[in-house]
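I opened a fresh page for this chain and jotted down what I looked up, in the order I went. Come along and check each entry against the view.

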Amino acid sequence: MRPEYLDRLSESVQQFIREVESQAGIEIEVLPSVKQNDRGPTGQGLLEIVINAQNIQLFAPANGYFPDGAVRHEILHVQRFHIEGVPKLVLADEEEWDRSFSEAMGALDNAIEHVAIVPVELQSHPERREHWEAVMSNICSQLPDVPESERRLAVCLHWAFFRHVLPDSPQVQIVRNFAEKHELLEIANQFADQFLVNLVSKEEMVRILFQTFPEIPKSRVAFEYINSVTGTRQTPIP
């Protein structure tokens with residue numbers, strides 16, 4: 001990461017970035033973008049990272065928003081994919097290109113990743129609790145608008161996140177009430193029980209996901225493993 005961005009961060013975050021870059025064998029490129037301004041749950045801005053086998057681009061607001069906790073969050077994604085060998089959930093290469101399905105898989109993958117990443121982020125940056133409460137407040141307010149075909153998946157994923165990451169959040173009761181209204185609380189708890197006990201294996205978490213939600217076309221999805229030396233490879237979802 002270039003010094004003009006690295007120098008804006010605390011020493012501990014700088015050190016984390018240096019370690020990840022060294023182990024991944026790639027320099028993280030920060031790209032300021034006005035598109036990232038005024039985004040995020042508080043409208044201050046939003047960081048977004050694109051992680052490929054040979055390059056990593058961190059898009060940052062052009063308004064100066066570049067907080068320690070948000071940066072660590074994005075670098076934690078890099079650590080998992082590039083160093084820990086955790087796979088992404090993606091549209092399979094042999095499938096015809098489908099932007100909406102590919103984006104849906106990206107959003108689903110991000111939701112799974114956040115269950116693992118956000119607790120680590122909050123340990124180092126407890127001030128980020130406010131950010132995640134705002135994120136989940138927005139999500140909870142949008143639950144009534146989720147299409148019926150996606151409601152079961154949305155409730156189960158959000159419930160698992162709350163149980164593991166923000167169990168004492170005031171938003172928990174909102175999700176509980178919504179789940180009870182639609183008779184989904186029992187399956188949400190069953191899913192969370194199985195999902196969370198397998199946090200050390202994303203492959204197993206994904207297996208449980210597809211087992212619980214067979215309506216997701218598993219044959220169109222693949223695990224994608226990335227590495228700066230060996231490149232990109234995909235494997236079918238078992």
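**Entry 1: a sheet with E5 in it**

What is the order of the strands in the open sheet that contains E4, E5 and E6? I should say at the start that this is a predicted model. I found the order E4-E5-E6, an open sheet of 3 strands with antiparallel pairing. E4 and E6 are the edge strands, and each of them pairs on one side only. I also looked up the turn between neighbouring strands of this sheet, and it is 40° on average, with direction ignored.

Next I followed the pairings one by one. E4 covers residues 88–91 and is joined to E5 by 4 bridges, the two running antiparallel. Two pairs helped me find my place: Leu89 has Phe223 of E5 as its bridge partner, and Leu91 stands opposite Val221 in E5.

On to E6, residues 231–236. It pairs with E5 over 6 bridges, again in the antiparallel sense. Here I marked Tyr225, whose bridge partner in E6 is Arg233. The link from E5 to E6 is a hairpin through 3 residues.

Is E5 mostly covered or mostly open? I counted E5, residues 221–227, as mostly covered, since 6 of its 7 residues are buried.

**Entry 2: the other sheet**

I then went to the sheet of E1, E2 and E3. It is open, has 3 strands in the order E1-E3-E2, and its pairing is mixed. E1 (28–33) and E2 (48–51) stand at the edges with a single partner strand each, so one side of each has no neighbour in the sheet. From one strand to the next, the twist averages 20°.

I checked one pairing in detail. E2 and E3 (residues 56–61) run antiparallel and are joined by 4 bridges. Within it, Val50 stands opposite Gln57 in E3. Helix H3, residues 68–83, packs on this sheet and touches E1, E2 and E3. The direction of H3 makes about 15° with that of E2.

**Entry 3: Asp68**

Asp68 lies in helix H3, and I wanted to know what it touches. Leaving aside neighbours within four places in sequence, I listed Arg8, Leu9, Ser10, Val13 and His125 as the contacts of Asp68. His125 is 57 residues away from Asp68 along the chain, yet their C-alpha atoms are separated by 7.9 Å.

**Entry 4: helix H6**

How far does H6 reach from its first C-alpha to its last? I read 25 Å for this helix of 17 residues (148–164), close to the 24 Å expected at 1.5 Å a residue.

The buried residues of H6 make a long list. I noted that it includes Arg151, Cys156, His158 and Trp159, along with Leu153, Leu157, Phe161 and Phe162. Then I asked what covers them: helices H4 (99–124), H5 (129–142), H7 (172–181), H8 (185–197) and H9 (202–212) are among the cover.

**Entry 5: two positive phi values**

I looked at backbone angles too. Most residues other than glycine have a negative phi. Asp38 is not a glycine, but its phi is positive, at about 60°. I found Asp38 in the loop between E1 and E2, and it is exposed, with a relative accessible area of 63%.

Where does Glu183 lie? Glu183 is in the loop between H7 and H8. Its phi is near 55°, a positive value in a residue other than glycine. Glu183 counts as exposed because its relative accessibility is 75%, and the cut-off for exposed is over 50%.

**Entry 6: the whole chain**

Last, I stepped back. I tallied 9 helices and 6 strands in the secondary structure. The C-alpha trace spans about 55 × 40 × 30 Å along its principal axes. With 238 residues, a compact globule would have a radius of gyration near 18 Å, and the chain agrees with its 18 Å.

Buried residues make up 50% of the 238. The accessible surface comes to about 11800 Å², and 48% of that belongs to carbon and sulfur atoms. I also checked contacts between residues at least 6 apart in sequence: 67% of them join residues at least 24 apart.

Terms used:
Residues are numbered from 1 along each chain as its sequence is written. This is a predicted model: local features need pLDDT of at least 70, side-chain atom pairs count only at pLDDT 80 or more; totals for chains, interfaces and linings use all residues. Side-chain values use heavy atoms; hydrogens and water are left out. Buried means under 20% relative accessible area, exposed over 50%, partly exposed in between (1.4 Å probe, protein chains only). Two strands pair if DSSP finds at least two bridges between them. Axes are lines fitted to C-alpha atoms, for helices over the stretch in contact, and angles run from 0 to 180 degrees between N-to-C directions. The expected span of a helix is 1.5 Å times one less than its number of residues. Contact means heavy atoms within 4.5 Å. The radius of gyration is taken over C-alpha atoms; the globule rule is 2.2 Å times the number of residues to the power 0.38. Accessible areas come from the Shrake-Rupley method with a 1.4 Å probe; for residues, only the protein chains shown count as cover.
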